[in-house]
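Here are my notes on this one, as numbered points. Have the structure open while you go through them.

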Amino acid sequence: MPRVTDVSTVKLTFYPMAGSVVEQFDNLLQTLQWLDAVKPTPKEVYEWLRATFELSSYFARNVYTVILISSGLVSVRSERCYLTHDGRAVLDSASPVTLLEAFEKRFAGIAAVLEVLRAHNSVDAETLKATWFETVKKRFPKMQNWSKHSFSNQCRHRINWLRAMGFITVADGQYALSQEGWQLVLTHPPEAIAIQRHEIRKQEKQLQELALGNFQPFDPSIEKVRSLREVFVRDRAFRRIVTTQYEYCCAVCGFRLETPRSVYEAEAAHIIPKRKKGSDDPRNGISLCGTHHWAFDEGVISVRADNLTVITASYLEDRVSDASVQQILQLRGRHIRPVVNQDFVPSVEALAWHGQHIFLG
Ligand SMILES: [Zn+2]
């Protein structure tokens, strides 16, 4: 799950002022690599930037201040520059997407440019800027006081930076997503990249409160049209609450894996699925690994409502020579992992529903 932003640390203004937009990402990677090896002083960084990329001292200073320090990729301790957690993630992944995620945490509304272009592919600069401003000012009310000049400038900086990352192309004054840009919006929707930590916390609180009341298996509010952003926030909050209850383990097999960036493999399965209007009450959730999430959603496995043990579909009995089938059958009768807090134990009602409507029997 991508990391999220704390609104108190996000800056509304963004002044990359990079000297050359061409190959900026590669230049940045080279810089991070050098910085990680040398642990230079800030002065040594300016000098290295000036010499390596032939930047004026003004540009070198801006690249240092905005692209390295304000972005949160580099921090200074005892006069030496070090990569932060985010800086290391960018270097390790060598992916502009990771960089975009890091930048969106510190500078508001970069991913919103991609949102606009996905909706109106191929637009002129004026339309792009105006639509971007309409989109971001709702999320960051302080932007409403900006002059036309400020928002035009601020949008331009974001566009140029995204062009440098290869996500946007420009031809005959028309702006559009590049092939990489389309790939990005499909795999990492901009609404999800831009989610702020406080939004998830607020949603988590609401879902936790649900778990204290009577269990509602179905969510009537699902009928209401929500924005894509709300859907992502809710999904993220649901996943966080449910997976932490199982300490990021699969409830049926115990599988637990984490990347160096603290991304856990564990997924939060809805017991009564979303497509059947199943609610986001945490008691309608169970933490599962990818394979067992699939098996649960397909009804190949289920969990008995009365004693919380795993049951497996009977069709598997005819295929016991298959090694994959054997792995699933081994789970039969196993007790699911207990939740940390009993308030979040899976609902008997939801499990009974799953046993009846989803489980293949
Ligand atoms: Zn599993």
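1. In which strand does Ala171 lie? Ala171 is part of β4, the strand made of residues 168-171. Keep in mind that this is a predicted model. Is Ala171 buried or exposed? A residue is called exposed when 12 or fewer other C-beta atoms lie within 10 Å of its own. Ala171 has 8 such neighbours, so it counts as exposed. If you want a partner to look at, try Ser122: the two residues are 49 positions apart in sequence, with 9.1 Å between their C-alpha atoms.

2. Stepping back to the whole chain: its C-alpha atoms fit a box of roughly 70 × 45 × 35 Å along the principal axes. I'd start any description with the secondary structure, which comes to 15 helices and 9 strands. Of the 361 residues, 36% are buried. As for contacts with a sequence separation of 6 or more, 69% of them link residues 24 or more positions apart.

3. Now the domains. The assignment splits the chain into domain 1, residues 7-191, and domain 2, residues 197-357. Taken over C-alpha atoms, the centres of the two domains are 37 Å apart. How many residues does each domain bring to the contact? Domain 1 supplies 4 and domain 2 supplies 5. On the domain 1 side, the residues touching domain 2 are 3 nonpolar and 1 charged, with no polar ones.

4. Helix α5, residues 96-106, deserves a closer look. Of its 11 residues, 9 are buried, so the helix is mostly covered. Several charged side chains are on that buried list, with Glu101, Glu104, Lys105 and Arg106 among them. The list also includes Pro96, Leu99, Leu100, Ala102 and Phe103. What does the covering? The elements over these buried residues include α1 (24-38), α3 (57-70) and α4 (85-93), along with α6 (111-119) and α10 (190-193).

5. One of those neighbours, α4, is worth checking against α5 in detail. The axes of α4 and α5 are 8 Å apart and the helices pack at an angle of about 165°. Angles over 145 degrees count as roughly antiparallel, which is why α4 and α5 get that label. Their crossing is left-handed. From α4, the contact uses Asp86, Ala89, Val90 and Ser93, while α5 contributes Thr98, Leu99 and Ala102. Sorted by class, that contact has 4 nonpolar, 2 polar and 1 charged residues.

6. The other pair to inspect is α1 with α4. How do the axes of α1 and α4 cross? They do so at roughly 120°, coming within 10 Å of each other. The two helices are therefore oblique to each other. Here too the crossing is left-handed. On the α1 side you'll find Leu29, Leu32, Gln33 and Asp36, and these meet Gly87, Val90 and Leu91 of α4. The class breakdown for α1 with α4 is 4 nonpolar, 2 polar and 1 charged.

7. A last pointer on α4: Val90 appears in the contact with α5 and also in the contact with α1. If you pick a single residue of α4 to centre the view on, Val90 would show you both of these contacts.

Terms used
Residues are numbered from 1 along each chain as its sequence is written. This is a predicted model: local features need pLDDT of at least 70, side-chain atom pairs count only at pLDDT 80 or more; totals for chains, interfaces and linings use all residues. Domain bounds come from an automatic or database domain assignment. Two residues are in contact if their C-beta atoms, placed from the backbone, lie within 7 Å. A residue is buried if 20 or more other C-beta atoms lie within 10 Å of its own, exposed if 12 or fewer, and partly exposed in between; C-beta atoms are placed from the backbone. Helices (H or I, at least four residues) and strands (E, at least two) are DSSP runs, numbered from the N terminus. Axes are lines fitted to C-alpha atoms, for helices over the stretch in contact, and angles run from 0 to 180 degrees between N-to-C directions. Angles under 35 degrees count as roughly parallel, over 145 as roughly antiparallel, 65 to 115 as roughly perpendicular and the rest as oblique. A crossing is left-handed if the near helix is turned anticlockwise from the far one by less than a right angle, and right-handed if clockwise.
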